[in-house]
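Me: Please take a close look at one part of this structure, and explain to me slowly what surrounds it and how it fits in with the rest of the chain. I am in my first year, so I would like the reasoning to be spelled out.

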Amino acid sequence: MGYNLSKKNKISPIELPCKKTIYYSPEEAQDMINYIKENRSIKEIHAYKCMTCGFWHLTSSKK
Ligand SMILES: [Zn+2]
């Protein structure tokens, strides 16, 4: 298979503006939500797309 590898084939870690955990897709975030809900007593947690970094974060709204 002819991957067109150049010298810049390595994705350098982007310096992200967000300190929160990043999920690269809503599915990935949902997986984590399911996991959290099974293991912790967090009722309200959902994913949102971050306008700063363009990835997904989780947020839980405390009562
Ligand atoms: Zn972000």
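Reply: Ile 36 is found in helix α1, in a model that is predicted, and that residue is a useful place to begin. With 14 C-beta neighbours inside 10 Å, Ile 36 counts as partly exposed, because a residue would need 20 or more such neighbours to be called buried and 12 or fewer to be called exposed. If residues up to four places away in sequence are not counted, Ile 36 touches Ile 42 and Ile 45. Ile 45 belongs to strand β1, which covers residues 45-49, so the contacts of Ile 36 lead from the helix to a strand.

To place these elements, it helps to see the whole order: the protein has one helix and two strands, and from the N terminus on they run α-β-β. The two strands, β1 and β2 (residues 56-60), pair in the antiparallel sense over five bridges. Within this pairing, His 46 stands opposite Thr 59, while Tyr 48 has His 57 of β2 as its bridge partner. Six residues lie between the strands of this hairpin, and there Gly 54 takes a positive phi near 85°.

Is strand β1 buried or in the open? The number of buried residues among its five is zero, so β1 lies largely in the open.

On the partner strand, Leu 58 lies in β2, and its surroundings bring us back to the helix. Leaving aside neighbours within four places in sequence, Leu 58 is in contact with Thr 21, Ala 29, Met 32, Ile 33, Ile 45 and Ala 47. Since α1 spans residues 26-39, Ala 29, Met 32 and Ile 33 in that list are helix residues, and Ile 45 is also touched by Ile 36. Leu 58 has 18 C-beta neighbours inside 10 Å and therefore counts as partly exposed, because the label buried would require 20 or more. Leu 58 and His 46 are 12 residues apart in sequence, yet their C-alpha atoms are 5.6 Å apart in space.

Thr 59 also lies in strand β2, and this residue is exposed, with 11 other C-beta atoms within 10 Å. Not counting residues up to four places away in sequence, Thr 59 touches Ile 45, His 46 and Tyr 48, and its C-alpha atom is separated by 7.4 Å from that of Tyr 48, a residue 11 places away along the chain.

The segment before α1 should be looked at too, since Pro 17 lies there. Pro 17 counts as exposed because it has 8 C-beta neighbours inside 10 Å, and, apart from neighbours within four places in sequence, its contacts are Thr 52 and Cys 53. Pro 17 and Thr 52 are 35 residues apart along the chain, while 7.0 Å separates their C-alpha atoms.

Such pairings of distant positions also show up in the totals. Of the contacts in the protein with a separation of 6 or more, 45% are accounted for by residues 24 or more positions apart. Of the 63 residues, however, 5% count as buried. Ile 36, where this account began, is one of the residues that count as partly exposed, and its contacts with Ile 42 and Ile 45 are the ones to look for in the picture.

How values were computed
Residues numbered from 1 in each chain as written. Predicted model: local features only at pLDDT ≥ 70, side-chain atom pairs only at ≥ 80, totals over all residues. Pairing = 2+ DSSP bridges. Helix = DSSP H or I, 4+ residues; strand = E, 2+ residues; numbered from the N terminus. Contact = placed C-beta atoms within 7 Å.
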